[in-house]
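Welcome, and please open your viewer. We will move from one selection to the next, and at each stop you can look at what is there.

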Amino acid sequence: DDALARLTAAGVEVLACTAYHTRPRATDDPAIALGLAAIRARRAPVVALFAPSQVAALCALVPDAAALLRDAVVAAIGATTAAALAAHGLRADAVAASPDPAAMARALAAVYPPR
């Protein structure tokens, strides 16, 4: 918003649009609850994270994520998400070379299943 205000003040015509918006999901949402239960029971062999905001949300919901994910393969969609994992004390076993599903699949295939 600050950048938009500065551009407008400088005389630039600005058309603001939202390209990406993160929305929290309720923890009782069936898809979220299922994943949280698997992580808490250490039954998630792979945990794939697609944004730093997902890392923050996971760590807020599962404060002991580092311990619970010790035996899981943790994958990040890119370097920024991997850095967010590291900042929260989590490791990234796989990091996609580019932020797209095919690259994530290739990164995961390189480490899972463990050989």
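**Stop 1: helix H6**

Start by selecting Pro101 and Arg106, which are exposed on the other side of H6, away from its buried residues. A word before going on: this is a predicted model. H6 itself runs over residues 101–109.

Which residues of H6 are buried? Add Ala103, Met104, Ala107 and Leu108 to your selection, and you have them. Now look down the axis of H6: these buried residues fall within an arc of 135 degrees, so they line one face of the helix. To see what that face packs against, show strand E1, strand E2 (73–76) and strand E3 (94–95).

Next, go to the N-terminal end of H6 and select Asp100, which caps it. One of the side-chain oxygens of Asp100 lies 3.2 Å from the backbone nitrogen of Ala102.

**Stop 2: after H6**

Move on to the segment after H6, where you will find Ala110. Is Ala110 buried or exposed? Ala110 has a relative accessible area of 56%, and because exposed means over 50%, Ala110 counts as exposed. For a distance to try in your viewer, pick the C-alpha atoms of Ala110 and Ala19: they are 31 Å apart in space, and the two residues are 91 apart in sequence.

Pro113 is also in the segment after H6. Zoom in on the peptide bond that joins Tyr112 and Pro113. This bond is cis, with omega at about 0 degrees.

**Stop 3: from Pro113 to Pro45**

Keep Pro113 selected and add Pro45, which sits in the loop between H2 and E1. How far apart are the C-alpha atoms of Pro45 and Pro113? They are separated by 8.9 Å, although the residues are 68 apart along the chain. Pro45 is partly exposed, at 43% relative accessibility. Setting aside neighbours within four places in sequence, show the residues in contact with Pro45: Ala72, Val73 and Tyr112.

The loop between H2 and E1 also holds Arg42. Select Arg42 and check its backbone: phi is positive, about 60 degrees, although Arg42 is not a glycine. Arg42 is partly exposed, with a relative accessibility of 46%.

**Stop 4: helix H2**

Now step back along the chain to H2, residues 30–40, and select Leu36, Ala38 and Ile39, which are buried. Why are these three on the same side of H2? They cover an arc of only 160 degrees around the axis, and that puts them there. For their packing partners, show strand E1 (46–49), helix H3 (52–61) and helix H4 (65–68). Then turn the model to the face of H2 that points away from the buried side, where Pro30 and Leu34 are exposed.

At the start of H2, select Asp29 and Ala31 together. A side-chain oxygen of Asp29 comes to within 2.8 Å of the backbone nitrogen of Ala31. Asp29 belongs to the loop between helix H1 (2–9) and H2. Its relative accessible area is 18%, and so Asp29 counts as buried, because the cut-off for buried is under 20%.

**Stop 5: the largest pocket**

Switch on a surface view and look for the largest pocket, which holds about 610 Å³ of space. To find its centre, select Ile32, Gln54, Ala57, Leu58 and Leu61, the closest to it of the 21 residues in the lining. Which elements give two or more residues to this lining? They are H2, E1 and H3. The largest share, six residues, comes from H3. Try colouring the lining by class: 14 residues are nonpolar, five are polar and two are charged.

**Stop 6: Thr81**

Finish at Thr81, in helix H5 (residues 79–87). Thr81 is buried, with a relative accessible area of 3%. What is Thr81 in contact with, leaving aside its neighbours within four places in sequence? Select Leu49, Phe50, Ala51, Pro52, Val55 and Ala76 to show these contacts around Thr81.

Notes: Residues numbered from 1 in each chain as written. Predicted model: local features only at pLDDT ≥ 70, side-chain atom pairs only at ≥ 80, totals over all residues. Heavy atoms only, no water. Buried < 20%, exposed > 50% of the residue type's maximum accessible area, 1.4 Å probe, protein only. Helix = DSSP H or I, 4+ residues; strand = E, 2+ residues; numbered from the N terminus. Arc of directions from axis to C-beta. Contact = heavy atoms within 4.5 Å. Polar contact = N/O pair within 3.5 Å; in protein donor to acceptor, adjacent residues only side chain to side chain. 1 Å grid on protein atoms, 1.4 Å probe; cavity = no way out; pocket = protein on both sides within 12 Å on 5 of 7 lines; lining within 4 Å. Points joined across faces, edges and corners; volume = space filled by probe spheres on them. Nonpolar A, V, L, I, M, F, W, Y, C, P; charged D, E, K, R; others polar.
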